[in-house]
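Dear colleague,

I am handing over the structure we spoke about, with its sequence, and would ask you to look through it before reading on.

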Amino acid sequence: MPLANIVWVDDEIESLQSQKLFLENKGYTINTFASGFDAIEFVKENSVDVVLLDESMPGITGLQTLSKIKEISNHLPVVMITKNETETLMEEAIGSQITDYLLKPVNPNQVLLCLKKIIDNKRLVAEKTTTAYQQQFRELFMALNNNPDYNEWMDIYKKLVFWELEMEKSDSPEMQEILAQQKEEANTEFFKYISKNYAKWVQPKSVEAPVMSHNLLQFKVLPHVEPSIPVFFILIDNLRFDQWKAIQPIFAESFRILEEETFYSILPTATQYCRNAIFSGLLPVDIEKQFPQQWKNDEDEGGKNLFEEEFFKAQLKRLKKEHLKTSYTKIVNHNDGQQLVNNIHNFLSNDLNVIVYNFVDMLSHARTEMEVLKELAGDEKSYRSVTRSWFEHSPLHMALKKIADKKIKIIVATDHGSVRVKTPYKVVGDKQTTTNLRYKHGRNLNYESKEVLAFRNPHDAGLPVPTVNSSFIFAKEDGFLCYPNNYNHYVNYYKNTFQHGGVSLEEMIVPVIKMISK
């Protein structure tokens with residue numbers, strides 16, 4: 001079976017017979033034509049893999065032939081072969097979507113390499129990816145078993161995400177399965193690590209601890225604020241590191257990415273806890289003490305994130321930064337997004353602009369409610385794809401493009417990530433127990449201790465005590481917490497959905513990205 005069906009168009013095709021024979025000996029079928037008209041007719045009637053096209057031909061030029069071929073088959077790769085290197089010609093050819101170009105005189109190996117690059121690219125990349133991961137597998141295995149600290153855990157997670165994205169280029173289900181198992185193993189070890197260290201991190205006189213939600217602004221945002229260069233702190237809710245990597249190329253078109261870092265979300269990895277901690281600069285136990293009217297526990301009536309701006313201003317005052325000229329904008333629907341697009345230039349006179357964008361959280365919650373979203377975001381790969389598609393067409397992207405030519409700094413971060421849940425765990429509690437799937441608090445909670453991280457005294461985790469004798473439990477790895485009544489219904493309904501609130505790499509190690517205008 002031939003490797004590929006090639007069309008070669010050149011008005012001096014007779015002089016290229018030796019090249020044709022060379023490629024045929026390599027397994028390609030070469031259809032030669034001396035005129036663009038004949039080649040166009042052939043492409044109409046036949047399945048073709050690549051067109052090699054001479055730019056300078058009498059009758060119908062190479063660019064005219066290219067245009068007609070693209071009308072017939074827009075995705076057909078076309079390689080322009082030319083003597084003429086003028087800039088205008090190249091710009092016109094590239095604008096007409098040539099795949100590659102070669103300069104005359106061409107030698108057979110040059111053509112062969114070009115065809116391999118186009119036709120075999122996917123296979124060659126897949127093979128290289130598989131080989132490279134096999135080499136890295138052992139390094140990751142050693143790192144996991146080498147008692148990693150919080151910095152090394154961030155590094156391990158970034159590497160796992162890197163390979164997950166690379167494996168999309170590979171068509172080896174076996175290697176993808178091995179990577180999935182390695183990620184599961186990493187989450188098992190990460191859960192043990194958090195169980196051992198988290199309480200130490202959140203104590204007032206803490207041992208060395210990572211940057212976490214409650215000191216994110218202090219350490220990762222405010223140091224970048226300086227006179228005359230406005231800073232935009234954009235918090236996209238519920239954005240995992242792999243989802244950031246999916247939208248990174250879109251940011252990179254307009255901005256120069258300087259630092260791609262991560263930080264640790266506090267527990268529970270849920271919006272009302274993490275985001276209030278980010279803007280107040282306090283752990284939830286201290287927010288409740290300092291803002292007793294504003295703090296709401298899970299079972300309290302009313303919105304849980306209504307006072308972020310107030311908390312933010314109080315943090316600036318505490319850090320002696322109240323002189324900064326700031327804005328706070330929260331986008332919760334499309335209309336808010338359009339207003340952001342219309343008003344974005346007004347923010348350029350501020351020192352620090354906070355933009356909170358609620359979309360990904362809506363997506364993950366909607367996904368459990370809507371069958372169509374279960375189809376669209378059924379696994380990590382499609383979840384990333386939906387995130388990318390949203391961002392590309394979002395008012396946020398449109399607004400940022402409007403100010404990309406101004407001298408600005410952007411810091412993108414999130415409140416927490418999410419994990420696809422697969423393993424149900426039974427929990428029994430009284431009527432006051434919360435309904436969250438990845439964490440619960442209440443009195444008289446009954447659970448298997450090895451299935452959760454439990455804090456009998458919530459203060460040990462930097463959390464308020466919602467009612468007397470309440471304890472908190474957090475699901476591990478890909479677990480979700482279900483009540484015994486209606487158990488099978490809930491298991492089937494929520495299995496394979498994206499949830500947050502518990503302990504996993506995906507929920508706790510999240511992006512904080514610094515960039516500037518190009």
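Below are some notes on two strands and one loop residue.

Please keep in mind that this is a predicted model, in which local features need pLDDT of at least 70 and side-chain atom pairs count only at pLDDT 80 or more, while totals for chains, interfaces and linings use all residues. Residues are numbered from 1 along each chain as its sequence is written, and side-chain values use heavy atoms, with hydrogens and water left out.

I begin with strand S4 (residues 78–82), where helices (H or I, at least four residues) and strands (E, at least two) are DSSP runs numbered from the N terminus. Because 5 of the 5 residues of S4 are buried, this strand is largely enclosed by the rest of the structure; buried here means under 20% relative accessible area, as against exposed at over 50% and partly exposed in between, with a 1.4 Å probe and protein chains only. Val78, Met80 and Thr82 lie on one side of S4 and Val79 and Ile81 on the other, and both faces are covered.

S4 pairs in the parallel sense with strand S3 (residues 50–54) over 4 bridges, and with strand S5 (residues 100–103), also in the parallel sense, over 4 bridges; two strands count as paired if DSSP finds at least two bridges between them. Val79 is the bridge partner of Leu52, and Tyr101 in S5 is that of Met80.

The second strand is S6 (residues 231–236), which is mostly covered, with 6 of its 6 residues buried. Val231, Phe233 and Leu235 point one way from S6, whereas Phe232, Ile234 and Ile236 point the other way. S6 pairs in the parallel sense with strand S9 (residues 352–357) over 6 bridges, where Ile236 stands opposite Tyr357, and in the parallel sense with S10 over 5 bridges, where Leu235 stands opposite Ala413.

Finally, Asp415 is found in the loop between strand S10 (409–413) and strand S11 (419–420), and counts as buried because its relative accessibility is 0%. The side chain of Asp415 reaches the backbone nitrogen of Asn238 at 2.8 Å, and a polar contact of 3.1 Å joins the side chains of Asp415 and Arg275; a polar contact is a pair of N or O atoms within 3.5 Å, where within protein one must be able to donate a hydrogen and the other to accept it, and residues adjacent in sequence count only if both atoms are side-chain atoms. Leaving aside neighbours within four places in sequence, Asp415 is in contact (heavy atoms within 4.5 Å) with residues including Leu235, Ile236, Asn238 and Arg275.

With best regards
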